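Here are some questions and answers for a first look at a protein model. Keep the sequence and the 3D view open as you read.

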Amino acid sequence: MIARLLPHPLLTLLLVAVWQMLVNYVSLGTLVFGLILGILIPLLTAPYWPDRPRLKNPAMIVEFILIVLWDIVVANVSVAKIILFKRNEDMRPTWVTVPLHLRSPEAITVLAGTITMTPGTVSADVAADGRSLLVHCLDAADPDAVRDDIKQRYERRLREIFE
């Protein structure tokens, strides 16, 4: 019965939290309305998610989010330094191909989005077979180190979460 009422319990919690942040005011009314949205939206969209991803290790999501947030802060400082103090002639923009061990389309999407959210890097393309990701780096002295960093910091953790 509960599974029918809450087909996506994590999405329900996320929607309630996002609603509270959007309203920017916590009261019984906003919490109840957030719960109504958090229950109705997943119920109405459940038919469109027949093969929803199964999370193997949901606890790793918190670690992943904290690492991504930290990397975003560090990358913002690095990009600011590049923009303010580095001459264009000294910059080394490059394309990096990241071979993927991820097979879940949802995990690949999260990886591509994470790379794009991190300042200084942009996910540009996924290979047709889903086995590699093309990433543009604003300034990369060692493209192999960038590739290894992406695989170690992000892909490894996403494999633990999704696969």
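Q: Where does S104 lie?
A: This model is predicted. Two elements flank the stretch that holds S104: β1 and α5. S104 lies in the loop between them.

Q: Is S104 buried or exposed?
A: A residue counts as buried under 20% relative accessible area. S104 has a relative accessible area of 13%. Therefore S104 is buried.

Q: Which residues is S104 in contact with, leaving aside its neighbours within four places in sequence?
A: Set those sequence neighbours aside. What remains for S104 is F162 and E163.

Q: What is the order of the strands in the open sheet?
A: The sheet has three strands, with antiparallel pairing. The edge strands are β1 (94-99) and β2 (121-126), and each pairs on one side only. The order is β1-β3-β2.

Q: By how many degrees are neighbouring strands of this sheet turned against each other on average?
A: Direction is ignored for this value. The average turn between neighbouring strands is 30 degrees.

Q: How many bridges link β1 and β3?
A: Strands of a sheet pair through backbone hydrogen bonds. β2 and β3 (residues 132-137) pair in the antiparallel sense over five bridges. β1 and β3 also pair in the antiparallel sense. For β1 and β3 the number of bridges is six.

Q: Which residue in β3 is the bridge partner of T94?
A: Look at β3 from both sides. T121 stands opposite C137 in β3. T94 has its bridge partner in β3 too, and that partner is C137.

Q: Which residue in the hairpin of β2 and β3 takes a positive phi?
A: This hairpin has five residues between the strands. The positive phi is near 75 degrees, and the residue that takes it is G130.

Q: Which helix lies across β1 and β3?
A: Helix α5 (residues 105-117) lies across β2 and β3, at about 145 degrees to β2. Another helix, residues 143-162, runs at about 45 degrees to β1. The helix across β1 and β3 is α6.

Q: How are α4 and α5 oriented to each other?
A: Helix α4 (residues 60-85) and α5 pack with their axes 10 Å apart. In α4, F64, V68 and I72 meet V110, T114 and M117 in α5. The angle between the helices is about 25 degrees. Angles under 35 degrees count as roughly parallel, so α4 and α5 are roughly parallel to each other.

Q: Is Y154 buried or exposed?
A: Y154 is found in helix α6. Its contacts beyond four places in sequence include F64, I67, V68, L111 and T114. Y154 has a relative accessible area of 7%, so Y154 is buried.

Q: How far apart in space are Y154 and I67, C-alpha to C-alpha?
A: In sequence, Y154 and I67 are 87 residues apart. In space, the C-alpha to C-alpha distance is 8.6 Å.

Q: What span should the 18 residues of α3 have?
A: Helix α3 covers residues 28-45. Count 1.5 Å a residue. The end C-alpha atoms are 26 Å apart, which agrees with the expected span of 26 Å.

Q: Why do the buried residues of α3 line one face of the helix?
A: In α3, T30, G34, G38 and P42 are buried. What covers them includes α2 (9-23). On the other side of α3, L28 and L44 are exposed. The buried residues line one face because, seen down the axis of α3, they fall within an arc of 85 degrees.

Key. Residues numbered from 1 in each chain as written. Predicted model: local features only at pLDDT ≥ 70, side-chain atom pairs only at ≥ 80, totals over all residues. Heavy atoms only, no water. Pairing = 2+ DSSP bridges. Helix = DSSP H or I, 4+ residues; strand = E, 2+ residues; numbered from the N terminus. Axes fitted to C-alpha atoms, helices over the stretch in contact; angles between N-to-C directions. Contact = heavy atoms within 4.5 Å. Expected span 1.5 Å × (residues − 1). Buried < 20%, exposed > 50% of the residue type's maximum accessible area, 1.4 Å probe, protein only. Arc of directions from axis to C-beta. Parallel < 35°, antiparallel > 145°, perpendicular 65-115°, else oblique.
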